[in-house]
Amino acid sequence: MTPGPMRQRFVEALAKHLPPSASRLRLLDIDGHCGEILAGRRADLDIRCTAANDLQRSGNPPAAADAIVAYAPDLEGQMVTSIAANMRPGGRFIAVLPGGEVRECWVGLLEAGGLVRILVEPAVDGAGVLIRGEKPHTTVNTLGRIQSVARADVDLLDLSDYRGPYLHLLIRQSPNKPVWKLKAGEAIAWRALALRDDSDAVLLAFSSLPKAVGFLQPAVLIDMVRDVNKVGKFAREVAGGWGRPVILNPTLDFIRDQQLIWLHIDPETAAAPDE
């Protein structure tokens with residue numbers, strides 16, 4: 001069935017709150033009202049549908065989903081508890097209620113179900129309500145959190161098999177200062193991490209921001225990589241204009257003992273960063 005214009009608008013509002021892009025984002029669609037619309041916006045989504053009544057026995061492995069979405073669900077305590085049980089630590093639940101209102105009770109309902117970082121706001125032009133919450137991480141260690149998310153993305157992925165919309169590069173920016181500190185007419189230059197492969201240069205790219213940071217932090221600790229001060233985000237289509245091969249999600253072992261170099265990249269081709 002083709003979605004009606006009202007559902008289209010509300011689900012598109014929901015789409016803006018999906019987790020940042022990755023090579024594969026495992027999404028559970030309650031009652032199947034969102035998947036068709038979301039699939040048209042994000043090629044990296046691995047979508048499964050389940051009826052709200054079957055959420056506890058949907059066939060998904062426990063704590064597997066990166067995100068769970070719902071359009072006009074009948075939210076109640078047991079449902080929120082089941083939603084939390086089906087998400088990985090750090091996973092995100094997003095729902096839109098076209099006939100709902102912004103009320104404090106939604107915060108209490110999600111908190112009682114074990115969710116944190118809760119957002120409740122008008123969904124579309126002041127109409128309806130959008131509700132968002134996240135499952136707490138199981139560790140307070142920041143690096144541990146990043147690595148747990150990064151492990152969901154495949155290492156040494158073939159770019160031709162990559163469905164995500166963005167690539168992330170480790171950047172040395174010069175001068176190393178924020179945009180608001182630049183003087184009039186002062187330009188910035190970006191150089192991206194790469195490795196020398198025989199006579200060619202190969203760019204090292206990552207499928208998500210957690211994947212890039214999860215690689216960078218241990219690389220810095222063992223003094224393999226220095227002076228990275230930015231992670232640049234680029235639309236997948238931009239990679240075709242780089243004119244160089246790309247290794248997606250390299251590991252430390254893969255690049256160990258290889259010559260690392262830095263290649264000029266046009267900062268004007270970068271996309272807006274993830275939230």
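1. A residue counts as exposed when its relative accessible area is over 50%, as buried when that area is under 20%, and as partly exposed in between. These cut-offs serve the points below, which concern a predicted model.

2. With a relative accessible area of 58%, Arg117 passes the 50% cut-off and is therefore exposed. Its salt-bridge partner is Glu134, with N and O 3.3 Å apart. Arg117 belongs to strand E5 and Glu134 to strand E6, so this pair ties together parts that are 17 residues apart in sequence. The partner, Glu134, counts as buried because its relative accessibility is 6%.

3. The pair just described should be read against the total: the structure holds 12 salt bridges. In general, side chains of opposite charge can pair when their charged atoms come close.

4. Another salt bridge joins the side chains of Asp125 and Arg9, at 2.5 Å from N to O. Asp125 sits in the loop between strand E5 (116-124) and strand E6 (127-134), while Arg9 is in helix H1 (residues 5-15), so the contact ties together parts that are 116 residues apart in sequence. Asp125 counts as exposed, at 74% relative accessibility, and Arg9 counts as partly exposed, at 45%.

5. Asp155 and Lys211 also form a salt bridge, and their closest N and O atoms are 2.8 Å apart. Since Asp155 lies in the loop between helix H5 (142-150) and strand E7 (166-174) and Lys211 lies in helix H6 (residues 209-221), the pair ties together parts that are 56 residues apart in sequence. Asp155 is partly exposed at 39% relative accessibility, whereas Lys211 is buried, with a relative accessible area of 10%.

6. A network should also be noted: Arg26, Asp66 and Arg88 are joined into one by salt bridges that share partners.

7. Helix H6, which contains Lys211, merits a separate check of its length. At 1.5 Å a residue, its 13 residues should span 18 Å, and the end C-alpha atoms are indeed 18 Å apart, in agreement with that expectation.

8. Which residues of H6 are buried? They are Lys211, Ala212, Val213, Gly214, Phe215, Leu216 and Ala219.

9. The two ends of H6 deserve a final remark. At the start of the helix, the backbone nitrogen of Lys211 has a side-chain oxygen of Ser208 within 3.2 Å. Just after H6, Asp223 adopts a positive phi of about 65 degrees.

Conventions. Residues numbered from 1 in each chain as written. Predicted model: local features only at pLDDT ≥ 70, side-chain atom pairs only at ≥ 80, totals over all residues. Heavy atoms only, no water. Salt bridge = Lys/Arg side-chain N within 4 Å of Asp/Glu carboxyl O. Helix = DSSP H or I, 4+ residues; strand = E, 2+ residues; numbered from the N terminus. Buried < 20%, exposed > 50% of the residue type's maximum accessible area, 1.4 Å probe, protein only. Expected span 1.5 Å × (residues − 1). Polar contact = N/O pair within 3.5 Å; in protein donor to acceptor, adjacent residues only side chain to side chain.
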